[in-house]
Amino acid sequence: MPNKPIPILEPLLDRKAAARYLRVTVGTLAVWDCTKRYDLRPLKVGRSVRYRLSSLNEFIERQLCR
């Protein structure tokens with residue numbers, strides 16, 4: 001049986017850390033998720049909401065004026 005490569009898992013940020021990373025309030029981030037204003041692709045882990053750092057970086061890139 002061939003060995004499969006072990007994927008490197010990206011750390012997940014909780015809502016507080018994600019808000020701090022984006023420099024918005026936790027409430028703003030919660031509203032964005034609830035209203036689907038921006039597609040940050042949140043993940044539900046039980047009752048908790050988590051965000052991939054790559055998703056937050058993609059969001060920032062989409063918001064940049066070019």
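Tyr-38 counts as partly exposed in this predicted model, because its relative accessibility is 23%, a value that falls between the limits of under 20% for buried and over 50% for exposed. Tyr-38 sits in the loop between α2 and β2, and its ring takes part in a small aromatic network that makes a good starting point for a tour of the fold. Ring pairs join Tyr-38 with Trp-32 and Phe-59 into a cluster.

The structure holds 3 aromatic pairs in total. In one of them, the ring centres of Trp-32 and Phe-59 lie 5.7 Å apart and the planes meet at 50°, so this pair is tilted. Trp-32 belongs to helix α2 and Phe-59 to helix α3, so the contact between the rings ties together parts that are 27 residues apart in sequence. Both partners, Trp-32 and Phe-59, are buried. Phe-59 also forms a pair with Tyr-38, and here the arrangement is edge-to-face, with 5.1 Å from centre to centre and 70° between the planes. This second pair again links distant parts of the chain, as the loop residue Tyr-38 and the α3 residue Phe-59 are 21 residues apart. Phe-59 thus appears in the tilted pair and in the edge-to-face pair. Phe-59 counts as buried because its relative accessible area is 6%, under the 20% limit.

Trp-32 deserves a closer look. This residue lies in helix α2 and is buried, with a relative accessible area of 12%. Once its neighbours within four places in sequence are set aside, Trp-32 is in contact with Val-24, Arg-37, Tyr-38, Leu-40 and Phe-59. Two of these contacts, Tyr-38 and Phe-59, belong to the ring cluster described above. Sequence separation alone says little about spatial separation here: Phe-59 is 27 residues from Trp-32 and pairs with its ring, whereas Pro-5, also 27 residues away along the chain, has its C-alpha atom 36 Å from that of Trp-32.

The setting of Trp-32 within its helix is equally informative. Helix α2 spans residues 26–35, and Leu-29, Trp-32 and Asp-33 are buried in it. Viewed down the axis of α2, these buried residues fall within an arc of 95°, so they line one face of the helix. Such a pattern fits the geometry of the α-helix, which has 3.6 residues a turn, so residues three or four places apart point the same way. The buried residues of α2 pack against α1 (15–22), β3 (48–52) and α3. The helix is followed by Lys-36, which has a positive phi near 60°.

Helix α1 also contributes buried residues, namely Ala-17, Ala-18, Ala-19 and Leu-22. Their packing partners are β1 (12–14), α2, β3 and α3. Just after α1 comes Arg-23, with a positive phi of about 60°, a positive value in a residue other than glycine. Arg-23 lies in the loop between α1 and α2 and counts as exposed because its relative accessibility is 78%.

Another arginine with positive phi occurs further along the chain. Arg-41 has a phi of about 50° although it is not a glycine, and is found in the loop between α2 and β2 (43–45). At 37% relative accessibility, Arg-41 counts as partly exposed. The side of helix α3 that meets this loop includes Ser-55, which touches Leu-40 and Arg-41 when residues up to four places away in sequence are not counted. Ser-55 is buried, with a relative accessible area of 3%.Helix α3 (residues 53–63) also holds Ile-60, which counts as partly exposed because its relative accessibility is 32%. Together with Tyr-21 and Leu-64, Ile-60 forms a nonpolar patch on the surface, and the accessible area of the three residues together is about 250 Å².

Terms used
Residues numbered from 1 in each chain as written. Predicted model: local features only at pLDDT ≥ 70, side-chain atom pairs only at ≥ 80, totals over all residues. Heavy atoms only, no water. Patch = residues over 30% accessible without salt bridge, like charges linked within 9 Å, V, L, I, M, F, W, Y side chains within 5 Å. Areas by Shrake-Rupley, 256 points an atom, 1.4 Å probe, with all protein chains shown as cover. Salt bridge = Lys/Arg side-chain N within 4 Å of Asp/Glu carboxyl O. Helix = DSSP H or I, 4+ residues; strand = E, 2+ residues; numbered from the N terminus. Buried < 20%, exposed > 50% of the residue type's maximum accessible area, 1.4 Å probe, protein only. Arc of directions from axis to C-beta. Contact = heavy atoms within 4.5 Å. Phe/Tyr/Trp six-rings, centres within 6.5 Å; stacked < 30°, edge-to-face > 60°.
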